[in-house]
Amino acid sequence: MGGIWRSIKKRFGGSSNHAQPSGSPDSSKQPLSSMLDDNTSQLKESLGCSPDLVMKEVRLHYYPKAKLKLVYIAGMADVEPLLDSFLLEASTEQLPKNLADQQLPEYLKTTVFAAGDIQEIRDYETLFAVLFAGSAVILLDGYDVAIAVGTKGGEKRGVEEPNTQVVIRGPREGFTETLNVNTALVRRIIRDNRLWLESRKIGTRTQTDVAIMYIKGLADEKVLQELRCRLDKIDIDGILESGYIEEFIQEKTLTPFPTVFNTERPDTVAGSILEGRVAIFVQGTPFVLIIPALFVQFLQSSEDYYERADFATLIRLLRYISFGIALLAPSVYIAVTTYHQELLPTSLLISLAGQREGVPFPAVIEALMMEITFEILREGGLRMPKPIGQSVSIVGTLVIGQSAVQAGLVSAAMVIVVSLTAIANFVIPAFNMAISVRMLRFFLMMVAATAGLYGLFTGMIAVVLHLCSLKSFGVPYMSPIAPIDPDNTKDSLIRAPWRSLFARPRSITPQNVIRKRKASGSEAAGGKKQP
Amino acid sequence: MNGFAKCLLILLIVPVLTSCWNRRELNVLGIAIAIGIDKSDGEYKLSAQIVNPGEISGKPGTGGGSAPIVTHHATGKTIFEAIRKLTTEEPRRVFAGQTRILVFGEEFAREGIAEAMDIVTREPEVSANIYMLVSRGTTAENILKVLTSIEKVPALSILNSMKASEKYWGSIKLVKLDDLLDTLMTEGMQPALPAIEIKGDPIAGQALDHTDQSDLASVLHFTGMAVFKEDKLAGWLEEDESRAYRFVTEKVKNSVVQIPCSTEGVTSLEMIWTKNKIRGYIKRGKPYVSIQIRGEANVGETQCRESLKKPETMKELQKRTNDSLRRVIEKTILTVQEQYGSDIFGFGAEIHRSDPKGWKKLEEHTWIKEFGNLDFETHVDIRIRHTGMIVDPVEESTRRTPR
C-alpha cells in the first residue's frame with residue numbers, strides 16, 4: 001500500500017522515443033507497424049514476456065493467405081464467442097460480394113464480427129488500453145491497423161446483498177466491483193435520458209475508470225464544475241478504491257466529519273441523484289461516492305423512505321438521540337461525577353459513589369481504559385475471520401467488563417456507560433459518521449475531564465461552530481438546519497409523509513426545488529423521490 | 001512540525017497541565033447528607049451525617065456490616081470553622097452539595113438561627129433545596145445519630161417520611177432554605193419549621209443492631225411545627241395546630257381531620273383539597289384579617305350512628321366539620337397570638353399586600369407588637385363529596401340485623 005501513497009509527482013516524460021519499452025501505457029504513443037512479427041515481438045517485449053498475454057494464430061476461410069493473430073490477456077477476455085465467429089465465417093456458404101474490393105480490416109469488421117464492440121487501433125497506447133480493459137485484439141499482417149473486439153469477460157462478483165447499510169425493507173441489490181454493472185443498476189431505477197454519465201480515467205498506472213452520474217438540469221452546474229476540476233487535479237499512480245477519490249476531492253478544511261457520502265446501495269444513489277446530487281462510480285469498488293453530502297444525510301437510512309412516515313420519523317429521532325449518547329455519554333458521566341456531584345439525585349449519587357469505592361483510577365482514566373479496550377475489541381473482532389469475530393467481540397466485552405468490575409478496576413456504572421455508548425454508536429447508519437463520533441467522543445472526554453461541564457459545553461460549542469462552518473462542494477454542511485429552510489426540514493430531523501415532500505434540498509439544487517409529479521415541460525426528471 | 005501538529009500537541013498537553021481544576025472524584029468525597037447545628041459552651045457544634053456509600057449500594061462484597069452512615073462532630077467559633085475542622089476526623093473532604101437536611105438543635109434555635117443562615121446561603125456548594133428542621137427535646141446531633149431501617153440513610157428516611165407526612169397526614173409544612181430566608185426577610189411574617197423528635201431510647205438508636213429488630217428501639221418522628229419569633233424558637237405547635245396552620249397558610253392537597261359525632265364517636269374526614277383566602281386590612285387603626293377556607297372532603301371512616309344516606313345527616317356533618325375546623329383554627333391563631341406573639345401565618349404580609357396605605361399607617365417595625373391586637377374572622381366551607389365504597393356505617397348495619 002505504501003508504494004501507492006508515495007504518489008508519483010512527476011509524470012512520465014510523455015514524449016520521446018522508447019528504445020526500451022517501459023510498459024507504461026502512456027509511454028507508447030508509437031504507431032503500430034505493418035509487420036505482424038514486429039508488432040508481436042514489440043508487444044511481448046512491452047509486457048516483459050508475461051505468460052498471461054495470449055497470442056493465437058487464426059485463419060480466415062475466405063482469406064486463406066491472410067496472417068492474423070488474436071491477442072488477449074488470459075482471464076480478462078472471454079474469447080469463446082470470438083472464435084465462434086471465425087467458425088461461422090468458415091461455414092458461410094455464400095461468398096461475400098466484392099470480396100476482392102474489400103480491405104481485410106473492413107471485411108473483418110463488417111462481416112466476421114458482425115456483432116460486438118469493434119474498434120480500430122492504430123497505436124500502442126490504445127492497444128494496451130483495450131487489452132487491459134479485457135478486449136481481444138486481432139493483429140493483421142500487412143496492415144498498420146489492429147481490430148479490437150469487446151470481449152470483456154473474466155470472473156467477477158455478482159450482484160449481492162450489501163453488507164453495510166442493511167435494511168429490513170427495501171431492495172436487496174448492492175453494487176459490485178464492476179463499474180458497468182453499477183451504473184446499469186442505477187439506470188435501471190432512473191429511466192431518464194437526462195441521466196448523464198461522464199467517464200474519465202484516473203491513476204497513471206491503474207487507469208481506473210471513474211464515472212460521474214447526475215441528472216442534467218437537476219444537478220447544480222457549479223457543483224459539477226467544481227467536481228470535474230477536483231477530479232482532474234488528482235495526481236496519483238493508482239486508485240484502488242473510491243476512498244482515494246474521496247480523500248482527493250473532499251474539502252480541504254481539517255475536519256473529523258465526512259463531507260462525502262458513500263453507499264453500496266443503488267436505491268440510495270438513485271434517490272440522491274433525484275435530489276440533484278452527483279454520484280461518483282469507481283471501477284473496482286462497490287462503494288459509490290455521493291456529493292454534496294450534508295450532515296443529516298449521514299443519519300438517514302434508505303429505509304426511512306420505505307417505512308411509513310410516522311415510524312420513520314420516530315426512528316430518525318432515535319438515531320439523533322443515539323448520536324447524542326454516542327458522542328456525549330462518557331464525557332457527561334465524567335463531568336458530572338467529578339465536578340458536579342450536586343447535579344445528581346442523592347440516591348443516584350450514593351449508588352454511584354458506592355460503586356466507585358475502591359476503584360483506584362480517576363473517572364477519566366477509567367473511562368479511557370474502558371473505551372480503548374472496547375475499541376481494541378471492536379477492531380480485533382472486525383479483522384478476525386468472520387465466524388470468530390462476533391463472538392470474540394461480544395465475549396471479550398462481557399468478560400473483560402465483568403471481571404474488571406469484579407476486580408474493582410472499574411465501576412459497574414462505567415461499564416454500562418461505555419457499552420451504551422458503543423451500542424448507540426452502531427445505530428448511526430453511516431459508518432464514516434460513526435467514526436467521526438468515535439473520534440470526537442475522546443476529544444469531549446478530555447475536555448470534560450479537564451473542565452467539567454464548562455469544558456464539555458465549550459467543546460460542544462466548538463464542534464457545533466465547526467459543523468456550521470463546514471461546506472461540502474459549496475453547500476453548507478448543516479443545511480437545512482443551519483441555514484434553516486422550512487421546506488427541507490421536512491426531510492431532515494423528521495421524515496414527513498410523501499404527500500408533503502414536494503421540495504428538493506434547496507441548498508443542493510437551487511434551480512429546481514419543486515419536484516414535479518407529472519413529467520411536463522423542461523422538468524421531466526423528478527417523479528418520485530427515492531432515498 | 002507544522003501548525004496543526006503544534007496545536008494538537010498543545011491540546012493534548014493542556015489537560016495534563018491544568019491538574020483538573022476543582023476536580024473531585026466520587027471516592028474522595030464524604031457526602032454530608034445531613035448537617036446538624038447545636039450550641040455548646042458558647043461555641044457552635046456541627047454534626048455531619050456522612051454516607052458510607054459502599055455500605056448502601058448493592059455492590060456485592062463491599063457491605064462489611066458497618067453502619068451506613070458516620071456522624072462526625074466539630075466545634076468552632078463560627079460554623080465555617082467547624083465545617084473545615086470536620087476534616088480532622090473525616091478522611092474525606094466533606095461535600096455539602098448533596099445535603100438535604102439541616103437540623104437546628106432546640107437550644108441553638110432558641111438563641112437564634114440567623115447566624116447559621118449566613119453560611120448556608122453564602123456557601124455556593126450548599127443547594128437552596130435543603131430542608132430545614134428543628135429538633136425537639138434533644139440536640140440535632142442526637143437526631144443525626146439515629147439509624148433507620150428500611151431506608152438505610154437516615155437523612156433520606158427523614159426526608160421521605162417528612163414528605164409523606166406532609167402529603168398524607170398534613171401535620172407539617174416543609175420549609176426549604178430559600179423559603180426560610182424569604183420568611184426571615186419579609187416583614188410581617190415569621191417562620192415556622194417542622195419539629196422532629198426521637199421516640200424511644202436515643203442511645204440505643206445509634207447502634208447498628210437496633211435496625212435488625214422489627215420494633216426499632218428508637219425512631220424519629222415529626223411532632224408538628226416549631227414557631228419562631230424573628231429568628232428565635234418561641235415554642236411548638238402540636239399536630240392539630242400544625243394542621244390548622246397549614247389550612248390557613250396554603251393550599252392543602254390531602255389531609256385528615258377528626259370530627260366528633262353528635263352523640264359519641266368520631267368521624268375521620270379525608271380532605272381532598274382546601275384553598276385558603278386571606279384578606280387583611282387596617283380597620284379603625286387595628287389590623288384585621290378575614291380567613292376563608294374552602295375545600296372538599298370524603299368520609300374516611302365513621303363511628304357515628306347516623307345513616308349517611310340522608311341528606312340532612314350529611315348537611316349536619318358538613319356543618320359540624322366547618323364548626324370544628326373553625327374552632328381549631330381560631331384556637332390555634334389565638335394560641336400563637338397570645339403565647340408566642342409571632343405571626344407565622346404571614347397576616348402582616350397579607351395586610352401589607354392588600355392594604356398598603358393602611359400598613360404604612362402602622363409604625364415602622366412594630367408588627368410584632370401589633371400582631372397581638374390583630375382581630376380576625378374565620379369562614380370555613382368544606383363540602384363533603386363522597387362516602388367511599390359504602391354509605392352507611394358498618395357498625396350501624398350489623399347491629400340492626402339481629403334485632
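Buried area is the accessible area, found with a 1.4 Å probe, that two parts lose on being put together, summed over both. Keep that handy for the first exercise, and remember that this is a predicted model.

**Exercise 1. Two domains of chain B**

Work out how many residues of each domain of chain B are in contact with the other domain, and what area the two domains bury between them.

*Solution.*
- Step 1: Find the parts. The domain assignment splits chain B into domain 1 (25–237) and domain 2 (239–403).
- Step 2: Place them. Their C-alpha centres lie 32 Å apart.
- Step 3: Look at who touches whom. On the domain 1 side 27 residues are in contact with 26 residues of domain 2.
- Step 4: Turn to area. Together the two domains of chain B bury about 2300 Å², and 56% of that is on carbon and sulfur atoms.
- Step 5: Zoom in on domain 1. Trp169(B), Glu187(B) and Leu237(B) lose the most area to domain 2, together 29% of what that side buries.

**Exercise 2. Hairpins in chain B**

Follow strand 11 of chain B and find which strands form hairpins with it.

*Solution.*
- Step 1: Start with strand 10 (residues 255–260), which pairs with strand 11 (residues 266–283) in the antiparallel sense over six bridges. As a landmark, Val257(B) stands opposite Leu269(B).
- Step 2: Check the link. Five residues sit between strands 10 and 11 in this hairpin, and Gly265(B) in the turn has a positive phi of about 90°.
- Step 3: Go on to strand 12 (residues 286–302), which pairs with strand 11 over 16 bridges, again antiparallel. Here Gly280(B) has Val289(B) as its bridge partner.
- Step 4: Check this link too. Strands 11 and 12 form a hairpin with two residues between them, and Arg284(B) in the turn has a positive phi of about 50°.

**Exercise 3. A threonine in chain A**

Decide whether Thr285(A) is buried or exposed, then list what it touches.

*Solution.*
- Step 1: Get the setting. Chain A has 15 helices and twelve strands, and 50% of its 531 residues are buried.
- Step 2: Locate the residue. Thr285(A) is in the loop between strand 9 (278–282) and strand 10 (288–291) of chain A.
- Step 3: Apply the cut-off. Buried means under 20% relative accessible area. Thr285(A) has 1%, so it counts as buried.
- Step 4: List the neighbours. Leaving out residues up to four places away in sequence, Thr285(A) touches Thr176(A), Glu177(A), Asn182(A), Glu241(A) and Ser242(A).
- Step 5: Look within the loop's own stretch of chain. A polar atom of the Thr285(A) side chain lies 3.1 Å from the backbone nitrogen of Phe287(A).

Conventions. Residues numbered from 1 in each chain as written. Chains lettered and ligands numbered in written order. Predicted model: local features only at pLDDT ≥ 70, side-chain atom pairs only at ≥ 80, totals over all residues. Heavy atoms only, no water. Pairing = 2+ DSSP bridges. Helix = DSSP H or I, 4+ residues; strand = E, 2+ residues; numbered from the N terminus. Buried < 20%, exposed > 50% of the residue type's maximum accessible area, 1.4 Å probe, protein only. Polar contact = N/O pair within 3.5 Å; in protein donor to acceptor, adjacent residues only side chain to side chain. Contact = heavy atoms within 4.5 Å. Domains from an automatic or database assignment.
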